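Reader: Could you walk me through this one? I'd like to start with the strands and then get to the cores.

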Amino acid sequence: MELLQGTLDLLILRTLIFGRQHGQGIGRAIQQTSEDELLIEHGALYPALQRLEERGWIAAEWGSSANNRKARFYTLTPAGRKQLVRETTKWQRLSAAIGRVLGPGVRES
Amino acid sequence: MGGFWGPESGKVNTMFRRKRKHGDFTAEIEAHIELEIERLKEQGMSEEEARPAARRAFGNVTLAEERFYESHRWLWWDHLMQDIRYGLRMLAKNPGFTGVGVLTLALGIGATAAVFSFVDTLYLRRLPVRDAGRLVDVFQTRNGKGYYELSYPDYVFYRDNNNSFSDLAAQYPASPISLMASNQSESINGSVVTANYFRVLNLRPFWGRFFLPEEDEVPDKNPVAVISYGLWKRRFASGLNVLGRIIQLNGNTFTIVGIAPENFRGAMPGVPETDVWIPAAMFHVGYRYCDAFQRDCTILSLIGRLKPETALRDAQAEMNVLAHRLEGAYPAIDEGLGVIVTPKRGVRLWERSENGLVANLLLAAVGLVLLIACSNLAGLLLVRGMARQREVSIRLALGASRGRLVRQLLTESLILSLVGGALGLVVATWGIDLLAGFYTIGEEGGRIYVSIGLDPVVLAFTMALSVVTAIAFGLVSAPQASRPDLVVSLKGEVSSASPRSSRLRYALVSAQVAMSIVLLIGVGLLVMSVRNIYRGTGFDPTHLVSLRLRPSLVGYDVLKGWDFQQEAIRRLEALPGVVSASPATAPPIPWGGADSVWLPGQEPSGPESAFVVGKNLVGPRYFETLGVAILRGREFNEHDKKGTPNVAIVNETLAEHFWSHGNALGKVLIAGGIPFQVVGVARDAQYHTSVAPPPAFIYLDYWQRDTTNGGSEDSRTLVRVSGSASPMLPVLRKTVAAVDPNVPIQEDRTLTEWLDISFRTVRMTSTFFTCFGALALFLSVVGLYGVLAFTVSQRTREFGIRMALGAEGSDVARMVMHQGIRLAMLGAAIGLVGAFGSARFLASYLYGVRPNNPVAFIAAAGVLMATAIIVSYIPARRATKVDPMVALRYE
């Protein structure tokens, strides 16, 4: 399933709420938690991370991974946390609204 | 879902963060792929399978990198840096082009900046005091017109009743003061000021103190003085004992209480610099022509400091109301009274009209020079654009966008003109020095206070001008250069100039020639005028000296004053080397008095029908001294004195006006209500502009004048010497001082200097036009040469073929020269027509020459065509050197 425009940022922030993570880990986490429903082209991840970092929602530093590989680790900043809450609320309201419009089930006839 | 444009704090934060290196980003991607391989291997893939899989999952690495790069906020900066580096390299590679370009711009921009500094001085510059932006001038208007000074009582009324100003001060800034200190007298300029003057100006004394309010309350009670830093250095050798020193100002004892700050020269630019300030309560020392404390004696200029919360408009509105109240209270004196409040900028308002005209003329002239410089640059860039076609084509073929290319070319012209502008500042300082030189001495002597010079405004103007010129000439040439024929130029052929760009270059050259000729004609007219001024009509200024003797300043009464003058003249005439001497009330250049004259029984009914003529009161041998011919009758002599019949001498124009056949001798003429018998007719004074007819003029006898009302006017004594004038000045001064050392001698100068000062604007206009004309000629000649040289190089093959087919070298040379002359003639024709239409703007600066004087037109055209021919000859000669064999093998 393709990602909706703008949702990748939200998913990244959401993933980072569990603690610091590197880019590859973020990609994998999103894929796993969505039970492989959401396929992310890994290449798209990095410009998004860059964008979030520039806005000050995440911070980055180089560190070592579990099996001792160099990687750039991202953490959520307080501003990012606020942004996550704001955007999650918005998303939930939006999806609820769309859900109401679509109704309880549309069958193919 | 625009919410991701996040909190402001985050944005600001990143502004200061160091930008992330590209390499860092690449490393991160590498790390990602390694991690992904690891994960895949954990899931059981082999290394060889895992790597491509990881890559596939990642997608396009280059795309990600590029996206990172493009999102980079400093991209434009990188481009700019690239453009600048590239531009500098290109300019360095073509030192000839760069040199000519920078020089052209430096001259154009520098000349313009110099003229602008003049405009800035006249209209914009503020006083060098703290917070000068809140200072305003306050003047009176009559029936909504003019700028008039105010009387002291009116000033007090405004001062005490307004709510707009934190303080309102008054000054009389041009008071001639005879300073006597250490037994040496000297004429200086003084300012009579209210005690709050220095507070309004926000000044602190360099040393000592300024006036106390109580020192400015009772008339004639507190003779205290503040002196200028310059006077302190000059007259008191920067002595430490100067405070409390006693000096004589116009014969009155004063005590020095303070020294003004070093850069403060008075609060009225345009009048002589102030060397001494005295409180308004001592007005009787500084002003004598009316009682400064009376309501009908309007001599004060007001300076106000607006309260921080008051806008200029509100101050004006309040002052209007106050003026209306004054008008109601004193209808006889203050009828039609109004007030005008203007920001305190530039020079005294009535200094502006005359100088403003000059400024406009110079601006117009320098504008032409700048246009010539710009079109020259545009021409140069066009030529270079042709030479660079190949380079541009390669860049276009490699995928550079046209916008980027134009930006690159504009960056180059910008660099060129910024360098030119910087160098232009050097040119500007020369120009400014030249300009300031015309304003050193005022008519009454003393340095005029005008701070013509570079200031931040002028610097900003020069910067802006550089940018504007860069865009101007860059835009003309850049689109042409960025649109080459790719196929042709990539093949390595320099395509011959496209007809469009050739036409543009020819048009630019002709325009330059046209503008130059307009300027050159102006130069011719002005140079002739200046020569006419110094030549006079039988009036040789080189052997004449004038001295202003002012016994009245030190309290002489009329009779004592006359005795002094007569004795001084007797001793002067007895000096070896002196031919003759004569007193006069006004200097010989006719801006003296004026009076209404009529024939007996024909008294005019009112001021409208009055015939007003110029007037001067002169002594015996005045005309002999001056060297102006008496055409009929005689001049005044020793027998004309008080008690003998009143006599007058009229000039030709006046004689013609009343007695059309030139038969004026013996006739009676009423001047100012008193009958005079005409005993002589003098030649017209020749100092009138080409627009004004010679003024009618009457000379009355200095020793016969009416002294019943007191009014001992001091004289300007005119002395003719046999040798050269300036070495005689000290001797003459000493001779007069021997009669009474206390009597101030002012305006002691040769007639040449008088003419220099009186005709300052004409000389200045002439000097600058000459500079600008030379500049214009030089620039347009460079332009012409450039175009011809380029044409020759373009047509090398053609010339080669022609010569191979039997054409002589001279035929080819003739072709080139014809082209040059054709371009110059076209420009000259346009220029002559333009000058014919615009020369009349110079009319008020022309003396003894009409604006459409054919000599000026022919001379200008001649000079220009001669130069054009010479300049065309150089490339033409080069064309004859073309070797047909080489030329044919050339491409």
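Reader: In strand 21 of chain B, which residue is the bridge partner of Ala584(B)?

Author: Quick note before that: this is a predicted model, where local features need pLDDT (the predictor's confidence in each residue, from 0 to 100) of at least 70, side-chain atom pairs count only at pLDDT 80 or more, and totals for chains, interfaces and linings use all residues. Residues are numbered from 1 along each chain as its sequence is written, while chains are lettered from A and ligands numbered from 1 in the order in which they are written. Strands here are DSSP E runs of at least two residues, helices are H or I runs of at least four, and both are numbered from the N terminus. Strand 13 (residues 578–584) of chain B runs antiparallel to strand 21 over six bridges (pairing takes at least two DSSP bridges), and there Ala584(B) has as its partner Arg716(B).

Reader: And which residue of strand 21 of chain B does Val545(B) stand opposite?

Author: Strand 12 (residues 544–549) of chain B also pairs with strand 21 of chain B, antiparallel and over six bridges. In that pairing, the residue facing Val545(B) is Val719(B).

Reader: How many residues of strand 21 of chain B are buried?

Author: Buried means 20 or more other C-beta atoms, placed from the backbone, within 10 Å of a residue's own; 12 or fewer is exposed, and in between is partly exposed. Both faces are covered, with Val719(B) among the buried residues on one side and Leu718(B) on the other. The strand is largely enclosed by the rest of the structure, because its buried residues number seven of the seven.
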